[in-house]
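Notebook open, disulfides on the list for today. I want to go through them one at a time and jot down what turns up.

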Amino acid sequence: VQYLCNDPLHGSIIRYLCKMSCGECTTTTTSIPSVLTTMTTALFTAACKDNNQLIQNHGFDNCTDAAPACLSANTTSYNMVTNLCPRTCGNCSQASTSQSTTTTTT
């Protein structure tokens, strides 16, 4: 990944996502590249609908039936249900993310 850290097209995203590989691990306030924020918002907005058909492959009748797993301590169940049923799990509001985040790494 290091060879992409200074890539003119993707460098800012790679440096943001791969701080350790790009040698940027410090305690700082880092601006999220606007292209990353725009892509995340677009993807999240498009993906913010429940997939009642696929959740049936995991033993649930629909996303409403799977709702208790939105709070599951079991990571596998939690990830599966929150990915397939974002609306039911209340994850649709995450599309509005802040433009700045504080990152602390050691």
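Does cysteine 89 count as buried or exposed? I looked it up: at 16% relative accessibility, cysteine 89 goes down as buried, because the cut-off for that label is under 20%. Note to self: this is a predicted model.

**Entry 1, the tally.** I went through the cysteine pairs and got 3 disulfides. I'm taking them starting with the partner of cysteine 89.

**Entry 2, Cys70 and Cys89.** Cysteine 89 is joined to cysteine 70, with 1.9 Å from S to S. Cysteine 70 sits in the loop between α4 and α5, while cysteine 89 sits in the loop between α5 and β2, so this bond ties together parts 19 residues apart in sequence. I read -70° about the S-S bond, a left-handed link. Cysteine 70 is buried as well, its relative accessible area being 9%.

**Entry 3, Cys63 and Cys85.** Next I checked cysteine 63 and cysteine 85, whose sulfur atoms are 2.0 Å apart in a disulfide. Cysteine 63 belongs to helix α4 (residues 63–66) and cysteine 85 to the loop between α5 (75–84) and β2 (100–103), so parts 22 residues apart in sequence are tied together here. The torsion is -75° about the S-S bond, and the link is left-handed. For burial, I noted 0% relative accessible area for cysteine 63 and 0% for cysteine 85.

**Entry 4, Cys5 and Cys22.** Then I turned to the disulfide of cysteine 5 and cysteine 22, with 1.9 Å between the sulfur atoms. It links distant parts of the chain: cysteine 5 is in the segment before α1 (11–17), and cysteine 22 is in the loop between α1 and β1 (28–31), 17 residues apart. The S-S torsion is about -85°, so I wrote this one down as left-handed. Both cysteine 5 and cysteine 22 are buried.

**Entry 5, a side trip to Val81.** Which residues does valine 81 touch, leaving aside its neighbours within four places in sequence? I found contacts with Ile55, Phe60, Ala66, Ala69, Cys70, Pro86 and Cys89. That list includes Cys70 and Cys89, the two cysteines of Entry 2. Valine 81 itself is in helix α5 and is buried, at 0% relative accessible area. I also looked up its C-alpha distance to cysteine 70: 6.1 Å, with the two residues 11 apart along the chain.

Terms used:
Residues are numbered from 1 along each chain as its sequence is written. This is a predicted model: local features need pLDDT of at least 70, side-chain atom pairs count only at pLDDT 80 or more; totals for chains, interfaces and linings use all residues. Side-chain values use heavy atoms; hydrogens and water are left out. A disulfide is a pair of cysteine sulfur atoms within 2.5 Å. Helices (H or I, at least four residues) and strands (E, at least two) are DSSP runs, numbered from the N terminus. Buried means under 20% relative accessible area, exposed over 50%, partly exposed in between (1.4 Å probe, protein chains only). Contact means heavy atoms within 4.5 Å.
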